[in-house]
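Trainee: I would love a close look at one part of this protein, and I am new to reading structures. Could you walk me through the salt bridges and then show me what else is worth finding?

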Amino acid sequence: SVLRVPPTAVAVLGFGCAVAVPVLATRTGTWPLLAGAGLVVLATFTATVEAAMSVLASRWPRTATLRGSVTGLVQELVWLVAFWLVGVTGPLVVACGVASGLHEHVRGLAVGAGMPPMAAQTAGDRPVRLLLVVVGLALAGLAGPGLAAGLLTVVASGWLVLAALGLAQLVGAVRRSLA
């Protein structure tokens with residue numbers, strides 16, 4: 001890279017941004033908006049930059065894919081913690097985390113077994129979950145503390161429905177692809 005910044009430093013920055021989301025999301029005012037539209041987007045952007053830096057430097061270690069997957073999962077868990085701290089019920093937050101984790105686990109196993117990665121695209125994929133988090137936190141920040149928990153409960157419910165739909169789509173694609 002031109003700035004001599006190692007890809008791992010960019011990953012650490014992204015992780016720091018993700019971990020700061022629950023801190024900002026629980027503050028009153030427009031802080032949840034900043035958490036969603038700022039830190040969540042920045043954390044996700046850093047993951048993309050880190051991957052691009054590794055490829056451009058011709059240093060794509062086998063651990064980079066694993067690190068990216070783990071980092072993405074931890075980011076989502078941290079964002080779900082933010083939802084919980086704002087007022088979404090624990091069981092709904094846990095269900096979202098389990099459904100997303102199961103979705104990603106099944107996808108990883110299927111791709112590892114020979115399924116083409118493009119055949120594993122579903123309605124419950126990470127970009128959809130990312131969009132839900134950004135929009136949910138932004139709306140919570142604009143709506144204020146009186147409506148934030150309700151808005152994020154609706155967003156988390158949508159997350160769970162899309163995760164279940166995505167998992168069903170994924171299981172169907174796995175059957176067709178690996179049969």
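**A close look at E76 and its partners**

Mentor: Let's begin with E76, which counts as buried at 5% relative accessibility. Keep in mind as we go that this is a predicted model.

What does E76 pair with? One partner is R129: the two form a salt bridge, and their closest N and O atoms are 2.6 Å apart. E76 lies in helix α3 and R129 in helix α5, so this pair ties together parts that are 53 residues apart in sequence. Both E76 and R129 are buried. The general idea behind such pairs is friendly enough: side chains of opposite charge can pair when their charged atoms come close.

E76 also forms a salt bridge with R126, and here the closest N and O atoms are 2.9 Å apart. Once more the link joins distant parts of the chain, with E76 in helix α3 and R126 in helix α5 (residues 126-143), 50 residues apart. How accessible is R126? Its relative accessible area is 23%. Buried means under 20%, and exposed means over 50%, so R126 is partly exposed.

Now move along to another pair, R107 and D125. Their side chains meet in a salt bridge, at 2.5 Å from N to O. R107 lies in helix α4 (residues 90-112), while D125 sits in the loop between α4 and α5, so the pair ties together parts that are 18 residues apart in sequence. Are these two buried or exposed? R107 counts as buried at 12% relative accessibility, and D125 is buried too, with a relative accessible area of 6%.

With these pairs in mind, you can put the picture together. E76, E104, R107, D125, R126 and R129 are linked in a network of salt bridges. Across the whole structure, a search finds five salt bridges.

From here, let's turn to the empty space inside. How many cavities of 30 Å³ or more does the structure hold? It holds one, and about 50 Å³ of space lies in the largest cavity. The elements that give two or more residues to its lining are α1 (7-25), α2 (31-56) and α3 (62-86). You have already met α3, the helix where E76 lies. The largest share of the lining, four residues, comes from α2. To find the cavity on your screen, look for its lining residues, including F15, A47, E50 and Q75. By class, the lining has four nonpolar, five polar and one charged residues.

One of those lining residues, A47, gives you a handy distance to check. L13 and A47 are 34 residues apart in sequence and 9.3 Å apart in space, C-alpha to C-alpha. L13 is found in helix α1, and it counts as partly exposed at 48% relative accessibility.

Finally, have a look at two cysteines. C17 is buried, with a relative accessible area of 8%, and C96 is buried as well, at 0%. How many disulfides does the structure hold? The answer is zero.

If you want a route for your own tour, start at E76 and trace its salt bridges to R129 and R126. Then visit the R107 and D125 pair, and end at the cavity lining, where α2 gives four residues.

How values were computed:
Residues are numbered from 1 along each chain as its sequence is written. This is a predicted model: local features need pLDDT of at least 70, side-chain atom pairs count only at pLDDT 80 or more; totals for chains, interfaces and linings use all residues. Side-chain values use heavy atoms; hydrogens and water are left out. On a 1 Å grid over the protein atoms alone, a cavity is a set of points where a 1.4 Å probe fits but cannot get out, and a pocket is an open set with protein on both sides within 12 Å along at least five of seven lines; lining residues have an atom within 4 Å of a point. Grid points are joined across faces, edges and corners, and a volume is the space filled by probe spheres set on the points. Ala, Val, Leu, Ile, Met, Phe, Trp, Tyr, Cys and Pro count as nonpolar, Asp, Glu, Lys and Arg as charged, and the others, Gly among them, as polar. Buried means under 20% relative accessible area, exposed over 50%, partly exposed in between (1.4 Å probe, protein chains only). A disulfide is a pair of cysteine sulfur atoms within 2.5 Å. A salt bridge is a side-chain nitrogen of Lys or Arg within 4 Å of a carboxyl oxygen of Asp or Glu.
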